[in-house]
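Trainee: Walk me through one part of this structure up close, the strands that line up side by side, and then show me what lies around them. I'd like one connected story rather than a list.

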Amino acid sequence: MRVMPRDRQRRPDGRPLIDLRPGERPSERRPLVTGTHQPVMVEEVLHFLSPRPGGVYVDATLGAGGHAEAVLDSVGGRCTLIGIDRDPFALNLAAHNLAPWGGAVRLVQAPFDEIEWIVAGQGVDQVDGVLLDLGMSSMQIDDPERGFSFHRDGPLDMRMDPGSRLSAAEVVNSYDLDRLERVIRTYGEDRYARRIARAIGEARSRGPIRTTAHLAGIVADAYPAPARKAGHPARRTFQALRIEVNDELGRLERVLRSSIGLLSPGGRIVVLSYHSLEDKMAKRLFASSSDPDAPLPGLGTSGEGVLQVLTRGAVLPSEAEVQRNPRASSARLRAAARRPMGGGR
Ligand SMILES: C[S@@+](CC[C@H](N)C(=O)[O-])C[C@H]1O[C@@H](n2cnc3c(N)ncnc32)[C@H](O)[C@@H]1O
């Protein structure tokens with residue numbers, strides 16, 4: 001496989017790529033993040049991704065590299081693994097964890113919807129598999145400084161890439177209340193979105209809302225008492241803000257379309273999602289691209305590029321896994337394979 005020299009790899013806007021070999025650190029030289037993330041549904045991921053020696057696989061949500069390591073291990077390291085994560089802390093940890101696999105691993109810090117040029121930058125035009133394990137890692141949730149958790153007090157941040165512009169504090173303090181309500185209703189699917197947006201408006205008229213604990217308290221107080229029993233009232237609002245801050249659904253739609261376009265005939269795509277908005281999007285795109293009469297826009301002509309959906313409904317984690325790792329409980333896996341050229345049922 002041909003690999004473009006690293007000094008020639010550039011983002012479309014001309015900025016150099018942060019491209020790491022295992023063991024190297026991003027240029028910011030951030031400290032290595034320690035912590036553990038238990039990869040979810042590993043056996044099922046391997047079953048559907050079906051790695052083969054000599055293949056090229058993209059783990060577009062590398063995290064700590066748990067799934068990537070399982071893929072490498074399944075073929076004795078005889079594949080190319082392109083790992084993407086927009087979080088430099090995660091990439092640091094993955095670089096450390098995947099160091100034993102040496103040159104089989106290429107790591108890139110970028111949002112995953114840039115997958116097309118990332119893959120092209122590695123001199124590759126088709127891949128044999130793409131894995132998307134969406135959402136946050138345990139390292140992100142458990143670090144109060146990242147501001148993702150309503151259980152831990154910290155700055156209201158929620159940026160997966162700390163270099164990106166929009167933070168949760170900015171959304172909460174600067175969006176007009178109609179827009180804030182829309183975000184909470186659409187991305188949090190919270191029926192009390194209006195009450196919450198109004199409560200935020202009232203609170204911020206007294207001064208900016210800067211911490212996760214402050215926001216969680218405002219949301220909890222806005223909730224009607226009987227509804228407080230069904231889980232923490234701030235769960236949906238925090239989910240909504242995280243999706244807004246990181247443009248999660250926009251990026252997901254783009255990475256799904258691009259990934260399908262990058263698959264070689266027989267190549268697999270596996271998506272692990274953790275809330276219904278993500279799962280619905282994967283389901284819808286897989287369904288529409290498995291219809292030979294309605295090929296995805298931009299994926300060629302005469303029915304080329306259609307998928308065969310491999311999962312009948314979403315696959316759920318086993319009870320034993322949920323017992324071992326409660327964070328797996330909301331996982332839903334969907335997988336599809338690119339049909340041979342020409343489409344055909
Ligand atoms: C659930 S974790 C993945 C854990 C990983 N599978 C493992 O075994 O360690 C999701 C990771 O995806 C990253 N991520 C989420 N959205 C992203 C995006 N749009 N672009 C790139 N990385 C993203 C997060 O930063 C996080 O590290």
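Mentor: Let's agree on one term before we start: two strands pair if DSSP finds at least two bridges between them. Bear in mind, too, that this is a predicted model.

Start at β2. This strand pairs with β3 in the parallel sense, over 4 bridges. If you want a spot to fix your eye on, take Tyr57, which sits opposite Leu81 in β3. To get from β2 to β3 the chain goes through α2, and that β-α-β crossover is right-handed. β2 has another partner as well: 3 bridges connect it to strand β5 (residues 127-133), again running parallel. Tyr57 turns up here too, with Gly129 as its bridge partner in β5.

Now look at which way the β2 side chains go. As a rule, side chains in a regular strand alternate between the two faces of the sheet. In β2, Val56 and Val58 point one way, while Tyr57 and Asp59 point the other, and all of them are buried. So the charged name in that list, Asp59, is covered along with the rest.

Move across to β3 and on to β4. These two run parallel and are joined by 5 bridges, with Gly83 standing opposite Leu107 in β4. Here the chain takes a path through helix α3 (residues 88-97), and this β-α-β crossover is right-handed as well. Strand β4 (residues 105-109) is mostly covered, with 5 of its 5 residues buried. Val105, Leu107 and Gln109 head one way and Arg106 and Val108 the other.

What packs around these strands? The largest nonpolar core has 58 residues, and Ile84 and Ala94 have the most contacts inside it. Helix α3 gives this core its largest share, 6 residues. Ala94 is a handy place to see the links to the strands. Setting aside neighbours within four places in sequence, its contacts include Gly83 and Leu107, the pair that stand opposite each other across β3 and β4. Ala94 also touches Leu62, Gly63, Ala64, Gly65, Ala68 and Asp85. There's a second core, separate from this one, with 31 residues, including Ile184, Ala193, Ile200 and Ile243.

The ligand brings you back to this neighbourhood. Its shell is made of 21 residues, and the closest are Pro39, Thr61, Gly63, Gly66 and Phe112. You've met Gly63 already, as a contact of Ala94. Two elements, α2 (66-74) and β3 (80-85), each supply at least two residues of the shell. So what is the shell like by class? It has 8 nonpolar, 8 polar and 5 charged residues.

Just ahead of β2 there's a backbone detail to check. Ser50 sits in the loop between α1 (42-49) and β2 (56-59), and its phi is near 50 degrees, a positive value in a residue other than glycine. Ser50 counts as partly exposed because 18 other C-beta atoms lie within 10 Å, and being buried takes 20 or more. You'll find a similar story at Glu189, in the loop between α7 (177-188) and α8 (193-204). Its phi is near 50 degrees too, and it isn't a glycine either. Glu189 is partly exposed, with 14 other C-beta atoms within 10 Å.

For contrast in strand direction, go further along the chain to strand β8 (residues 332-338). 6 of its 7 residues are buried, so β8 is largely enclosed by the rest of the structure. Strand β6 (residues 263-273) runs antiparallel to β8 and is joined to it by 6 bridges, with Leu272 opposite Leu333. Strand β7 (residues 307-309) is antiparallel to β8 as well, with 3 bridges, and there Val309 stands opposite Ala336.

Last, step back to the full chain. The protein has 13 helices and 8 strands, and 44% of its 345 residues count as buried. Among contacts with a separation of 6 or more, 70% are between residues 24 or more positions apart.

Conventions. Residues are numbered from 1 along each chain as its sequence is written. This is a predicted model: local features need pLDDT of at least 70, side-chain atom pairs count only at pLDDT 80 or more; totals for chains, interfaces and linings use all residues. A residue is near a molecule or strand if its C-beta atom, placed from the backbone, lies within 6 Å of it. Ala, Val, Leu, Ile, Met, Phe, Trp, Tyr, Cys and Pro count as nonpolar, Asp, Glu, Lys and Arg as charged, and the others, Gly among them, as polar. A residue is buried if 20 or more other C-beta atoms lie within 10 Å of its own, exposed if 12 or fewer, and partly exposed in between; C-beta atoms are placed from the backbone. A crossover is right-handed if, with the strands pointing away from the viewer, the path from the first strand over the helix to the second runs clockwise. Two residues are in contact if their C-beta atoms, placed from the backbone, lie within 7 Å. A nonpolar core is a set of buried Ala, Val, Leu, Ile, Met, Phe, Trp, Tyr and Cys residues joined through C-beta atoms within 7 Å.
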